[in-house]
Amino acid sequence: MKKLFKAVIVSVLALALCAACSSSNTEKTEPAVSLSVTVEPLSEDEYAQTDTSEIENAVPEDFSKITIELNMENMVAGTERTVKSQSLKNIMAETEIGTYWYGNGSSQNNAEEDFTIVRSESVIYRRDISDDEIKNMFDGYEAAVSYTGADGNVVEQSLPMTDAVQFK
């Protein structure tokens, strides 16, 4: 009888533990989207790799690196996501602020994963252009995203680029 009683107690405890674990795993975390636009000076190595032959009396302060990164986390795996945004090169051409020097970008947007990352790093020539002018360059531009929310509905979101600008 004692063995049966112990077996019942152990079974009840194991069942309670399994129920507690399974209920925490079924909670849905709402997807999150963030945008950052970081403007910072070039490192010595970055400046050394930058062709400045076209510029008379070039100094490192004439250039800035702009990193634009959009992160989507806690996405519903198996669902499509889209990201639409103007490139920095096009923004600079349209606003006529500064000169796009060079850059590159990357993205990871696999629907089977629960995240998406879109990133670009660019170097701009900005002699005699203030931080305020750089920030104002992004005014009116945004990153538009769409994704499936935790409730199964499609979410569309716009992230103003000017709100995401930060200087280092």
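## The five-stranded sheet

In this predicted model, Tyr 102 has Val 123 of strand 5 as its bridge partner. That pair belongs to the contact between strand 4 and strand 5, where nine bridges join two strands running antiparallel. Helix 3, residues 88-95, packs on this sheet and touches strand 2, strand 4 and strand 5. Its direction makes about 145° with that of strand 4.

Zoom out and you get an open sheet of five strands in the order 4-5-2-1-8, with mixed pairing. Strand 4 (99-108) and strand 8 (165-167) are the edges, each pairing on one side only. From one strand to the next, the twist averages 15°. Further into the sheet, ten bridges join strand 2 to strand 5, and these two also run antiparallel. If you want a pair to click on there, try Leu 70, whose bridge partner in strand 5 is Val 118. As a reminder, strands of a sheet pair through backbone hydrogen bonds, either parallel or antiparallel.

## The three-stranded sheet

There is also an open sheet of three strands, ordered 3-6-7, and here the pairing is antiparallel. Its edge strands are strand 3 (82-84) and strand 7 (154-160), each of which pairs on one side only. The twist in this sheet averages 15° from one strand to the next.

Strand 3 and strand 6 (residues 142-148) run antiparallel and are joined by three bridges. Thr 82 in this pairing stands opposite Ser 146 of strand 6.

## A buried arginine without a salt bridge

Now look at Arg 81, in the loop between strand 2 (63-73) and strand 3. What is the nearest side chain of opposite charge to this buried residue, and how far away is it? It is Asp 114, 7.0 Å away, and Arg 81 has no salt bridge. A salt bridge here needs the nitrogen and the carboxyl oxygen within 4 Å, so a pair that far apart does not count.

What the Arg 81 side chain does reach is the backbone oxygen of Ala 111, at 3.4 Å. Leaving aside residues up to four places away in sequence, Arg 81 touches a fair list of others, including Met 72, Met 75, Val 76, Phe 115 and Tyr 147. Ser 146, the residue opposite Thr 82, is also among the contacts of Arg 81.

## Where the salt bridges are

How many salt bridges does the model have? The count comes to five. One of them joins Lys 65 and Glu 46, with the closest N and O atoms 2.9 Å apart. Lys 65 sits in strand 2 and Glu 46 in helix 2 (residues 44-48), so this pair links distant parts of the chain, 19 residues apart. Lys 65 is buried, with a relative accessible area of 12%.

Asp 62 and Arg 127 also meet through their side chains, at 2.7 Å from N to O. Asp 62 is in the loop between helix 2 and strand 2, while Arg 127 is in the loop between strand 5 (116-125) and helix 4 (131-137), so the pair ties together parts that are 65 residues apart in sequence. Asp 62 counts as buried at 6% relative accessibility, whereas Arg 127 is partly exposed at 29%.

Another salt bridge connects Asp 131 with Arg 126, and the closest N and O atoms are 2.7 Å apart. Here Asp 131 is partly exposed, with a relative accessible area of 36%, and Arg 126 is buried at 11%. Glu 69, Arg 119 and Glu 121 are linked in a network of salt bridges.

## Two positive phi values

Most residues other than glycine have a negative phi. Which way does phi go at Asn 74, and what is its value? Asn 74 has a positive phi, near 60°. This residue sits in the loop between strand 2 and strand 3, and it counts as partly exposed at 32% relative accessibility.

Glu 96 also has a positive phi, near 55°. You will find Glu 96 in the loop between helix 3 and strand 4. Is Glu 96 buried or exposed? At 70% relative accessibility, Glu 96 counts as exposed.

How values were computed. Residues numbered from 1 in each chain as written. Predicted model: local features only at pLDDT ≥ 70, side-chain atom pairs only at ≥ 80, totals over all residues. Heavy atoms only, no water. Pairing = 2+ DSSP bridges. Helix = DSSP H or I, 4+ residues; strand = E, 2+ residues; numbered from the N terminus. Axes fitted to C-alpha atoms, helices over the stretch in contact; angles between N-to-C directions. Buried < 20%, exposed > 50% of the residue type's maximum accessible area, 1.4 Å probe, protein only. Lys, Arg positive; Asp, Glu negative; His and termini not counted. Polar contact = N/O pair within 3.5 Å; in protein donor to acceptor, adjacent residues only side chain to side chain. Contact = heavy atoms within 4.5 Å.
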